[in-house]
Amino acid sequence: MKKSRFKWSNLYLILVFCFLYIPIFYLMFYAFNAGSTMNKFTGFSLAHFGELFADTRLIIILLNTFILAFLSALIATLIGTFGALFIYYVKQNRSKTLLLSLNNILMVSPDVIIGASFLILFTTLGTAVGSLNLGFITVLLSHIAFSIPIVVLMVLPKMQEMNDSMVDAARDLGASNFQVLKDIVLPVLSPGIIAGYFMAFTYSLDDFAVTFFVTGNGFTTLAVEIYSRARRGVSLEINALSTLVFLMALILVIGYYYISQDTGKNNSKGGGVK
Amino acid sequence: MKQPIISFKHVVKCYDDDVPVLKDITFDIEEGKFYTLLGPSGCGKTTILRMIAGFSEPTKGDIFFEGQRINEVPANKRQVNTVFQDYALFPHMNVYDNIAFGLKIKKMPRDVIDQKVKEALKMVQLAGYEKRGINEMSGGQRQRVAIARAIVNEPKVLLLDEPLSALDHKLRLAMQYELRELQQRLGITFIFVTHDQEEALAMSDEIFVLDNGNIVQTGSPVDIYDEPINHYVADFIGESNIIEGIMLRDNLVKFAGKEFECVDEGIRENEPVEVVLRPEDLDLTDVDHGKLKVTVDTVLFRGVHYEIICHDEVQNEWMVHTTKKAEPGSLIGLYFDPEDIHVMRFNESEAEFDARLDSYEG
């Protein structure tokens, strides 16, 4: 009886997801087109993928983008985790709220503003120091900067979940500050840290505006490259690339799902003995 | 007397606002005994424990451990371990790793750690639970893991911060026996913090009764129960009838409009006092044989005894615990021996109280 019941909520969900995914699938569909435009599907072919792999410039950009995301997320996670720790241990409530608000403002302020401000900073620094060229380093620095608030936001709730008397207990058992951090605090925070890393990674991966501002001649990321190629008229090579990136994102999401499930299991089952 | 293992000398503790949580506390803890800090919440008992553990420092005064001043020694350098109220077990480690934590920090060899963890688990009756996760265990089991994690380090003093308060009644009683037995087997000093007077009476060698940042009375459970120093202690520990009276002379006290023989001495003649009579010391009898004539108001069945509330001719209320039954509204007699009466002076300090008791009890 219940199964056949029509539900508005289901229809709603289906429509929303269609709206969100149809453009992507449409784009992916034409990646397999034998023709060279998106006007008409003339037959199945992997030719565009072939073109893509032959295009070394694009492959290098792809690699650069991933290296950038990997590094910026790593450094942002390090800085952000300790930032969350310090914010948590700020005693005065007012300064704590202030710090958190400052953190959140960075989260909501538009990328264009962040990008423009970094551009101004880097060019000023460049004229002052004289050796700061816009390129990989400047992009990396700005990506780290806009990822840190995300990591703080993911780690801080875990910190609040953590029982303070656990820290007392560890100290009571003889642990130094460093051992408390290494053996108690970081393991307890790890789900938040992992989530923060993945968020920072994806933010870096799909950032366009900030990168567009602060990159120079020698270095571009995928988002910027696709944008500039799309302005010249989209070649189906881009469709092929997007398909691959989408699949990669899918794998990442699945991977994250399994990692979070695993840590959840560890929490409740205790894992094995070392 | 041996050198005390822990001494507090005029310790004062204030938190951010300048209201002292502890007001000039001085006491000694001897080795190998079971101590209880007893008092209502907010009396400062947990603050004392945290200062012994090293989680907070006294604002004034000194703390000594085996004669050494330890005010500024951090928690991880002290030879005491704590069992926390919420256990504070590490959820990302199994039972073995939780218990081995302190030993691993001390860099003991693996086989020694294995051996000690096994012994500790056996001691708290959890042998074979090494690989369990913390979240798979019941409250009572977690409690035992927390105790094992502390005693495996062989501390000189074990601190227990209301460790039984989260357990149900039956389990709590069982754990009281186990803790007492464990303390006697290990021979180390236990300092137990609780607001539950039954726990304190059942387990301790020595009880410190605290009120509002002061130690009000120190003594064995029997001393404190039979000879409470003042109204507060008498009321807090056990049930009691506290009646105002006048000490006519040594061994004679007047209350409820009559004169009674008692065994208290050293109080000025005609001094106003308070008299304590424990409900279980009062016996029901007929009106002619009773020392007091009372009318029964209510009778409550409590399982092991009846709790009878009655009032005398001058409207003092009396609580009686007895196995005999009485009818509400009836007139009965209450009988008690001179030894059952305990007389308390107003505002007597503990030193004066002890000196007075020593003077006639010998």
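These are my notebook entries on chain A and its contact with chain B in a predicted model.

**Entry: helices and strands.** I looked up the secondary structure of chain A first. I found eleven helices and zero strands. Reading along the sequence, I wrote the pattern down as α-α-α-α-α-α-α-α-α-α-α.

**Entry: extent and burial.** I checked how far the C-alpha trace of chain A reaches along its principal axes, and noted about 75 × 70 × 40 Å. Chain A has 274 residues, and 30% of them are buried. I then turned to the contacts in chain A with a separation of 6 or more: 77% of these join residues 24 or more positions apart.

**Entry: the UniProt record.** I looked for annotated spans in chain A. An unreviewed UniProt entry lists "transmembrane region" for residues 12–32, 58–90, 102–122, 134–156, 184–203, 209–228 and 240–259. I picked two of these spans to check against the model. Residues 134–156 of chain A are 91% helix and 0% strand, with 33 Å between the end C-alpha atoms. Residues 240–259 of chain A are 100% helix and 0% strand, and their end C-alpha atoms are 29 Å apart.

**Entry: the contact with chain B.** I asked how many residues each chain puts into the contact. Chain A gives 22 residues and chain B gives 26. On the chain B side, I noted that strand 6 (80–83) and helix 2 (95–105) are the elements that give two or more residues. Helix 2 of chain B gives the most, with four residues. I also sorted the side of chain B that touches chain A by class, and I got eleven nonpolar, nine polar and six charged residues.

Note on methods:
Residues are numbered from 1 along each chain as its sequence is written. Chains are lettered from A and ligands numbered from 1 in the order in which they are written. This is a predicted model: local features need pLDDT of at least 70, side-chain atom pairs count only at pLDDT 80 or more; totals for chains, interfaces and linings use all residues. A residue is buried if 20 or more other C-beta atoms lie within 10 Å of its own, exposed if 12 or fewer, and partly exposed in between; C-beta atoms are placed from the backbone. Two residues are in contact if their C-beta atoms, placed from the backbone, lie within 7 Å. UniProt positions are given in the numbering used here, feature names are shortened, and annotations may be inferred rather than shown by experiment. Ala, Val, Leu, Ile, Met, Phe, Trp, Tyr, Cys and Pro count as nonpolar, Asp, Glu, Lys and Arg as charged, and the others, Gly among them, as polar.
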